[in-house]
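This report describes selected features of one protein structure for a reader who is new to the subject. Please keep the sequence and the structure in view while reading.

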Amino acid sequence: MSIRVFVYGTLKPGEVNYQRYCEGKVIDTQPAIALGQLFNLPIGYPAMIPGNNQVRGFLLTFTEPTLLTVLDKLEDYNPQRIPEDNEYYRQQVTIYDLTNQSLGQAWIYLMQPERVQRLGGTLISSGWWS
């Protein structure tokens, strides 16, 4: 069973956490789009909240289901905690290719809008973080 995760920040190929968490474990990488709003956080990485803008990133496919547990730790997400106690939360959303064709569902890490505001996030209107 494969696990699909949409990444838009430090887990993208070429970014700092890709090597640490994904390299050698990814069986497919595809440029992709998710709908939301992307913010740059002053702490050095981005956050995404639900919305209708195009956020550009990559759809990564893994064969190892335990990888989600590893990524949950990185993203400070624990499904047993109340949402406000997590930095990010994980949910499944529809992902699109660059021609807006659906690629089906994938996991994505989102942040609560209130947390983005509290952290001083600024909207990235291009939908691309680097």
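A residue is called buried when its relative accessible area is under 20%, exposed when that area is over 50%, and partly exposed in between. The model discussed here is predicted. By this rule Asp 76, with a relative accessibility of 32%, counts as partly exposed.

**Salt bridges**

The whole structure contains two salt bridges, according to the search made for them. One of them joins the side chains of Asp 72 and Arg 90, with 2.8 Å from N to O. Asp 72 belongs to helix α2, which covers residues 67–74, while Arg 90 belongs to strand β4, which covers residues 89–96; the pair therefore ties together parts that are 18 residues apart in sequence. Asp 72 and Arg 90 are both buried.

The side chains of Asp 76 and Arg 81 also meet in a salt bridge, with 2.9 Å from N to O. Asp 76 is found in the loop between α2 and β4, and Arg 81 is likewise found in the loop between α2 and β4. Are the two partners buried or partly exposed? Asp 76 is partly exposed because its relative accessibility of 32% lies between the two limits. Arg 81 is partly exposed as well, at 30% relative accessibility.

**The loop between α2 and β4**

Asp 85 is another residue of the loop between α2 and β4. Its relative accessible area is 47%, so Asp 85 counts as partly exposed. When residues up to four places away in sequence are not counted, Asp 85 touches Asp 76 and Arg 115. With neighbours within four places in sequence left aside, Arg 81 is in contact with Asp 76 and Asn 86. Asp 76 thus appears in the contacts of Asp 85 and in those of Arg 81.

The backbone of Asp 76 also deserves attention. Most residues other than glycine have a negative phi. Asp 76 is not a glycine, yet its phi is positive, near 55°. Asn 100 also has a positive phi, of about 70°, although Asn 100 is not a glycine. Asn 100 lies in the loop between β4 and β5, the latter covering 102–110. With 45% relative accessibility, Asn 100 counts as partly exposed.

The table below collects several partly exposed loop residues.

| Residue | Loop | Relative accessible area |
|---|---|---|
| Asp 76 | between α2 and β4 | 32% |
| Arg 81 | between α2 and β4 | 30% |
| Asp 85 | between α2 and β4 | 47% |
| Asn 100 | between β4 and β5 | 45% |
| Glu 64 | between β3 and α2 | 44% |

For Glu 64, a distance to another part of the chain is also available. Its C-alpha atom and that of Val 5 are separated by 12 Å, and the two residues are 59 residues apart along the chain.

**Aromatic pairs**

A pair of aromatic rings is described by the distance of the centres and the angle of the planes. The count for this structure comes to two aromatic pairs. One of them is formed by Phe 58 and Trp 128, whose rings lie 6.2 Å apart from centre to centre with 65° between the planes, an edge-to-face arrangement. Phe 58 lies in strand β3 (residues 46–62), whereas Trp 128 lies in the segment after β6 (122–123), so the pair ties together parts that are 70 residues apart in sequence. Phe 58 counts as buried because its relative accessibility is 17%. Trp 128, in contrast, is partly exposed, with a relative accessible area of 30%.

**The largest pocket and Asn 17**

How much space lies in the largest pocket? The value is about 210 Å³. Fifteen residues line this pocket, and Thr 10, Leu 11, Pro 46, Glu 75 and Tyr 88 lie nearest its centre. Strand β1, residues 3–7, provides the largest share of the lining, namely three residues. By class, the lining consists of ten nonpolar, three polar and two charged residues.

Thr 10 and Leu 11 appear again in the surroundings of Asn 17. Asn 17 is placed in helix α1, residues 16–21. At 9% relative accessibility, Asn 17 counts as buried. If residues up to four places away in sequence are not counted, Asn 17 touches Thr 10, Leu 11, Cys 22 and Leu 74.

Notes
Residues are numbered from 1 along each chain as its sequence is written. This is a predicted model: local features need pLDDT of at least 70, side-chain atom pairs count only at pLDDT 80 or more; totals for chains, interfaces and linings use all residues. Side-chain values use heavy atoms; hydrogens and water are left out. A salt bridge is a side-chain nitrogen of Lys or Arg within 4 Å of a carboxyl oxygen of Asp or Glu. Helices (H or I, at least four residues) and strands (E, at least two) are DSSP runs, numbered from the N terminus. Buried means under 20% relative accessible area, exposed over 50%, partly exposed in between (1.4 Å probe, protein chains only). Contact means heavy atoms within 4.5 Å. On a 1 Å grid over the protein atoms alone, a cavity is a set of points where a 1.4 Å probe fits but cannot get out, and a pocket is an open set with protein on both sides within 12 Å along at least five of seven lines; lining residues have an atom within 4 Å of a point. Grid points are joined across faces, edges and corners, and a volume is the space filled by probe spheres set on the points. Ala, Val, Leu, Ile, Met, Phe, Trp, Tyr, Cys and Pro count as nonpolar, Asp, Glu, Lys and Arg as charged, and the others, Gly among them, as polar. Rings of Phe, Tyr and Trp (its six-membered ring) pair if their centres lie within 6.5 Å; planes under 30 degrees apart count as stacked, over 60 as edge-to-face and the rest as tilted.
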